[in-house]
Amino acid sequence: MLDLVLYNGRVLTPAAAPLATAVGVRGGRIAAVGRAEDVMPQAGASTRRIDLAGRTLVPGLNDAHAHIWKIGHLLTTMLDLRGVEGIDDLTARVRSFGQRLPEHAWLLGRGYNEAAMIERRPPTREDLDRAAPDRPVVLTRTCGHIYAVNSRALAAAGIGADTASPAGGIVERDERGELTGLLHETAMGLVMRVMPPPGADDYEAMIVAALRHQLSLGITSSSDCGVSPALLAVYRAIDAKGGLPSRINVMPLRRVDGVSEPVPIPERFASDALRVDTMKFLADGGLSGATAALSVNYRHADQKGVLRFDREELLALCRETHDAGWRIATHAIGDVAIDQMLDIYESLGPHPRGIAHRIEHFGLPDGAQLARAAALKVIAAPQTIFIHSLGRNFRNYLPESFLPRTYPIRAMLDAGVRVALSSDAPVVEDDNPLVGMMAAITRRDKEGHVIAPEQAIAAGEALYGYTMGGAVASGDDLNRGSIEPGKWADLAVLSGDPLSVPPETLPDIKVDLTLVGGRIAFER
Ligand SMILES: [Zn+2]
């Protein structure tokens, strides 16, 4: 007998079983999918019944690339600077947030984006000194690849007039040679290593807050792309007591900024809620902040971004990781970084467990790179939601010739590259998968500009990218990603049908109910 039956709906599986209207659940897994007359007879007196009343049932959505604890940090103890309008607005928020903190405590904020600020420049050390002279201030740019810090933070990190930029990073100076307070890429590590780390309880609160937020968006599985050993231990502890409200693929880092030795490879692990078998690397920086490694100069500056590793070092670390049976997921956005990674994945040869490596973001590949990626069976984890949220940065910063190949999802699919869609939140403020689907279909940014319209994909492809795509990318496709008998009953009830509404109205669809393993995990 079924534990639960959802009926009278439109079931998007999205695989076979057309015209399904009902789903039966037993023991946390899907037991039946089909027409009401096929499913309802399996229900009994004790079966819970949910009348979908014509609404749409989709597989639980998957965010294949996010930073869970950072989403949670903004939901708990970090100053949220997303949407900040200018330097005055930013410094006012820093000042008032500082008034609520203990004396001398570090003030951490995240989310400024100078392209969306009146002055079109990031905050400087002087701006932050004025707002908070008595405590270290560290503001992370929206991309997560640049810090803006004040003098107290520079002093705490021992960064002075003579401090050289570390390999793979920049300690920025102005034309007089003075420190601006901006630290790019690995230079962030100089400050990171002296910042008081969150405790295990803080991390747990962040993780649970973030996963609950995702459940409200219909997301039943996601990834935390890049965690430290301390954070991994917290995940293991929460999982051991059954405290994870949804399913998460946690990707440890091998190289942590500010630490000279690589992190030892941890034990691979999988439970129903937690998966630890993918290692995260970063080959370059971010596109919106112009640190992704390009073959030509950015439009606004005499720079081409940065590669974070030299090839031999990255190859050696990847080789150990690959030989130990891990999947590798490497952040590579610029064409130079993509080439580096394709070379490395090619050099690694066949995987001992027969699995495919990933390229995260995969922002600016050309046709030849897509063909190589397909031949290597690389899985791509790009973010169409960036088109919506960061389109302005792309239009301002990218060389003209690169715009038509910005997040080219159509070309990826046509080349045979498997695609898992995702948000990279908190890089974007609105991590709603329906916004990511909208941008995948319309290619329109927040200001109304269309970017590379020939790279648009269909609604069904976008939904697949946010469900099966992510399941494949995590190696979980036998358990989730579609509504099929035997898979976990991870489901979302939507107020409208994402495959038939006009794409620009996708974000108007509400998530009414989210189920994980057949249990209600969110209800609107
Ligand atoms: Zn990321």
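I began with the contacts of His73 in this predicted model. Setting aside neighbours within four places in sequence, I found His73 in contact with Met78, Leu108 and Met206.

Next I looked up where His73 lies. I found His73 in helix H2, which runs over residues 68-75. I then checked its accessibility: His73 has 8% relative accessibility, and because buried means under 20%, I entered His73 as buried.

I also looked at a pair far apart in sequence. His73 and Pro426 are 353 residues apart along the chain, yet I read 9.6 Å between their C-alpha atoms.

I turned to the whole chain. I noted 16 helices and 25 strands in the protein chain. For contacts between residues at least 6 apart in sequence, I recorded that 73% join residues at least 24 apart.

What radius of gyration does the protein chain have, and what would a compact globule have? I noted 23 Å for the chain of 524 residues, and a compact globule with that many residues would be near 24 Å, so the two agree. For the extents of the C-alpha trace along its principal axes, I wrote down about 80 × 50 × 45 Å.

I looked up burial and surface last but one. Of the 524 residues, 59% count as buried. The protein chain exposes about 19,400 Å², and I noted that carbon and sulfur atoms supply 52% of that area.

My final entry concerns charge. I listed 55 positive and 64 negative charges in the protein chain, and their mean positions are 3 Å apart.

Terms used:
Residues are numbered from 1 along each chain as its sequence is written. This is a predicted model: local features need pLDDT of at least 70, side-chain atom pairs count only at pLDDT 80 or more; totals for chains, interfaces and linings use all residues. Side-chain values use heavy atoms; hydrogens and water are left out. Helices (H or I, at least four residues) and strands (E, at least two) are DSSP runs, numbered from the N terminus. The radius of gyration is taken over C-alpha atoms; the globule rule is 2.2 Å times the number of residues to the power 0.38. Buried means under 20% relative accessible area, exposed over 50%, partly exposed in between (1.4 Å probe, protein chains only). Contact means heavy atoms within 4.5 Å. Accessible areas come from the Shrake-Rupley method with a 1.4 Å probe; for residues, only the protein chains shown count as cover. Lys and Arg count as positive and Asp and Glu as negative; His and the chain ends are not counted. The place of a charge is taken as NZ of Lys, CZ of Arg, CG of Asp or CD of Glu.
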